[in-house]
Amino acid sequence: MKILVTGFEPFGDISSNCTQLIVDKFKSESLVDTLILPVVTTKCFTVLETFLAGKEYDFIILLGQASKRDRISIERVALNVLDFPIADNEGNLIAHKKIIENASDGIFTGLPLEELQRTCKEKSIQAEVSNSAGTYICNEIFFRTLFKFRNSRTKVGFIHLPLVLEQNISSNRVNITLNDLYQNLKIVLGILGK
């Protein structure tokens with residue numbers, strides 16, 4: 001089984017991104033490739049597509065930082081809409097626009113959500129299935145990647161992560177370390193290999 005795990009560079013008013021920190025830890029995993037994506041609407045998917053050229057994966061797991069969430073959020077669906085709450089890292093601010101014209105309004109993940117949720121509960125991992133990946137770059141890369149692999153054996157998923165203690169954010173509502181989050185994600189990825 002071969003997995004690609006992606007994260008994002010920092011964006012907004014937070015100087016680090018927990019997904020980038022997690023991806024750095026996954027670099028030592030032999031069956032996992034990693035990639036950091038720009039938080040720029042015109043570049044994010046292009047960087048991913050370029051990286052994917054000539055490669056095949058069983059799973060592509062896209063990670064995003066969700067500073068207002070207090071647990072791992074496994075996303076159920078990507079929506080065909082761009083409606084940014086803040087500008088991206090190059091100042092693009094898009095509202096009420098489709099990601100791909102003439103595509104469906106939404107695409108569901110290929111991940112086994114019930115099994116993931118059940119195993120996380122058994123292992124006491126704070127996790128949920130989320131029905132909203134937002135309308136920012138996270139949702140855009142999720143939708144575009146699902147669309148690209150819609151007729152493929154490659155399964156695509158998106159997981160939002162809470163902030164970690166190492167980021168030293170005063171408003172952080174969670175009490176999880178980077179290493180604990182990494183270990184939890186290793187368990188989640190292990191479920192996919194079964």
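Which side chain meets that of Glu75 in a salt bridge?

## The Glu75 pair

In this predicted model, the side chain of Glu75 meets that of Arg69 in a salt bridge, with a distance of 2.8 Å from N to O. Glu75 counts as buried, at 0% relative accessibility, whereas Arg69 is partly exposed, with a relative accessible area of 22%.

## A network around Arg153

Salt bridges that share partners join Glu56, Asp58 and Arg153 into one network. Arg153 forms a salt bridge with Glu56, in which the closest N and O atoms are 3.4 Å apart, and Asp58 also forms a salt bridge with Arg153, where the closest N and O atoms are 2.5 Å apart.

As for accessibility, Glu56 counts as exposed, at 62%, while Asp58 is partly exposed, with a relative accessible area of 24%, and Arg153 likewise counts as partly exposed, at 47% relative accessibility.

## Placement along the chain

Glu56 lies in the loop between helix 2 (44–52) and strand 3 (59–65), and Arg153 in the loop between helix 4 (137–148) and strand 8 (155–161), so their salt bridge ties together parts that are 97 residues apart in sequence. The pair of Asp58 and Arg153 likewise links distant parts of the chain, since Asp58 is in the loop between helix 2 and strand 3 and Arg153 in the loop between helix 4 and strand 8, 95 residues apart.

## The whole structure

A search of the whole structure finds 11 salt bridges, among them the pairs Glu56 with Arg153, Asp58 with Arg153 and Glu75 with Arg69.

Technical notes. Residues numbered from 1 in each chain as written. Predicted model: local features only at pLDDT ≥ 70, side-chain atom pairs only at ≥ 80, totals over all residues. Heavy atoms only, no water. Salt bridge = Lys/Arg side-chain N within 4 Å of Asp/Glu carboxyl O. Helix = DSSP H or I, 4+ residues; strand = E, 2+ residues; numbered from the N terminus. Buried < 20%, exposed > 50% of the residue type's maximum accessible area, 1.4 Å probe, protein only.
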